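Colleague: I would like a close look at a single part of this chain. Please start from one loop residue and what surrounds it, then work outward to the rest.

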Amino acid sequence: MSKLTIPGAPAPVEAVLFDKDGTLLDFTYLWGHWTEVVLTCFQEELARQGRMLTAEALPAIWGTEHDEQGRVIGYDARGPLAMGSMGEVEAVLTWHGYRAGVSWAEAKLMVSQSLNHAELELERTRPVRLMPGAHEFLEHCRRARIPMGVVTADETRQAERHLSWLGIEEYFEVIISNDQVERGKPFPDMVLLACERMKVAAERALVIGDTDGDMKMGIQAGVLWKVGIGEPERLSLADASIHSFIELMEGD
């Protein structure tokens, strides 16, 4: 079994599992754009019913940060957009439509229409880009013959599509998404399924993510080491935090 030395880890790792959004992919660049499209369409649908959501209410829906023009410029790593399944994200927006004064059934239809519109817009624009150092680290792991997988709260079809847009899907032996397991993050199911399919013990694996939900998933699965990408203060459960994947290659 090939092994990879990770700075700070108590032992070499035998597999690497990546969260997708905010870890491999720039979260705001992709989901910020998606959020803007969905919320604009949803507000237009509400307006046709004589209802509205105020600009002040928008950040609280999914945990996003907006500039004065309404563009998404950041997100709450603890919020539903970062942590929730697509079904949960849909339910939250449906609830806000209901609170705005339309029936639950009408709100569900509005959300569905808005998501379909955003799906077409993403296919047209493909707003994806890798996080700093991600490609270099993927190559580093491939040269070391380390099996890699993706564990994401996204749905399988979307996850595969986003990775394909970037041309990196070939790096991964498995892509485990929310729709393949009974319980999503922060439960251990995705990590355990990924390790089972890669034939690697979870306690020899490294999990890399951008939220404490990813870290909690790793803890529940009993992985060897957990690395958070981002500011240390929002990754209290990580064994180590980094700003770039290059830091995982230092001293190798």
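Modeller: Leaving aside residues up to four places away in sequence, Ser85 touches Ala153 and Asn178. The model is a predicted one, and Ser85 sits in its loop between α3 (80-83) and α4 (86-100). The relative accessible area of Ser85 is 14%, under the 20% limit, and therefore Ser85 counts as buried.

From there one can turn to the strands. Strand β4 covers residues 148-152, and β4 pairs with β1 in the parallel sense over three bridges. Within that pairing, Leu17 stands opposite Gly149 of β4. Strand β1 also pairs in the parallel sense with strand β6 (residues 205-209), here over four bridges. In this second pairing Ala15 has Ala205 of β6 opposite. Strand β1 itself runs over residues 15-18 and is covered on both faces. Ala15 and Leu17 are buried on one side, and Val16 and Phe18 are buried on the other.

Helix α7 (residues 156-166) comes next. Its buried residues are Thr156, Gln158, Ala159, Arg161, His162, Leu163 and Trp165. In an α-helix there are 3.6 residues a turn, so residues three or four places apart point the same way. The buried residues of α7 pack against two strands, β4 and β5, and against the helices α1 (27-48), α4 and α5. Helix α4 is thus named twice, as the element that packs with α7 and as one end of the loop that holds Ser85. After α7 comes Gly167, which has a positive phi near 75°.

Three further backbone points lie in loops. The peptide bond from Lys185 to Pro186 is cis, and its omega is near 10°. Pro186 belongs to the loop between β5 (174-177) and α8 (189-198). Arg126 is not a glycine, yet its phi is positive, near 45°. Arg126 lies in the loop that runs between α5 (104-125) and α6 (134-143). With a relative accessibility of 43%, Arg126 counts as partly exposed. Arg145 also has a positive phi without being a glycine, at about 60°. The loop that holds Arg145 lies between α6 and β4. Arg145 has a relative accessibility of 67%, which is over the 50% limit, and so Arg145 counts as exposed.

A further part to describe is the hairpin with the helix before it. Strand β2 (residues 64-66) pairs with strand β3 (residues 72-75) in the antiparallel sense, over three bridges. Glu65 has Gly74 of β3 as its bridge partner. Five residues lie between the two strands, and Gly70 in this hairpin has a positive phi near 90°. Helix α2 (residues 58-62) includes Leu58. The relative accessibility of Leu58 is 11%, under the 20% limit, so Leu58 counts as buried. Leu58 and Gly70 are twelve residues apart along the chain, and their C-alpha atoms are separated by 9.0 Å. Not counting residues up to four places away in sequence, Leu58 touches Leu39, Gln43, Leu53, Thr64 and His66. Of these, Thr64 and His66 fall within the residue range of β2, and Leu39 and Gln43 fall within the range of α1.

The chain as a whole gives the setting for these parts. It has nine helices and eight strands. For 252 residues, a compact globule would have a radius of gyration near 18 Å, and the value of 19 Å for the chain agrees with this. The C-alpha trace spans about 60 × 35 × 35 Å along its principal axes. Of the 252 residues, 54% count as buried, and Ser85 and Leu58 are among the buried ones. Taking the contacts with a separation of 6 or more, 64% are made by residues 24 or more positions apart. The accessible surface of the chain comes to about 11,600 Å², and carbon and sulfur atoms hold 49% of it. There are 24 positive and 40 negative side chains, and the centres of the two sets lie 3 Å apart.

Conventions:
Residues numbered from 1 in each chain as written. Predicted model: local features only at pLDDT ≥ 70, side-chain atom pairs only at ≥ 80, totals over all residues. Heavy atoms only, no water. Rg over C-alpha atoms; globule rule 2.2 N^0.38 Å. Buried < 20%, exposed > 50% of the residue type's maximum accessible area, 1.4 Å probe, protein only. Contact = heavy atoms within 4.5 Å. Areas by Shrake-Rupley, 256 points an atom, 1.4 Å probe, with all protein chains shown as cover. Lys, Arg positive; Asp, Glu negative; His and termini not counted. Charge placed at Lys NZ, Arg CZ, Asp CG, Glu CD. Pairing = 2+ DSSP bridges.
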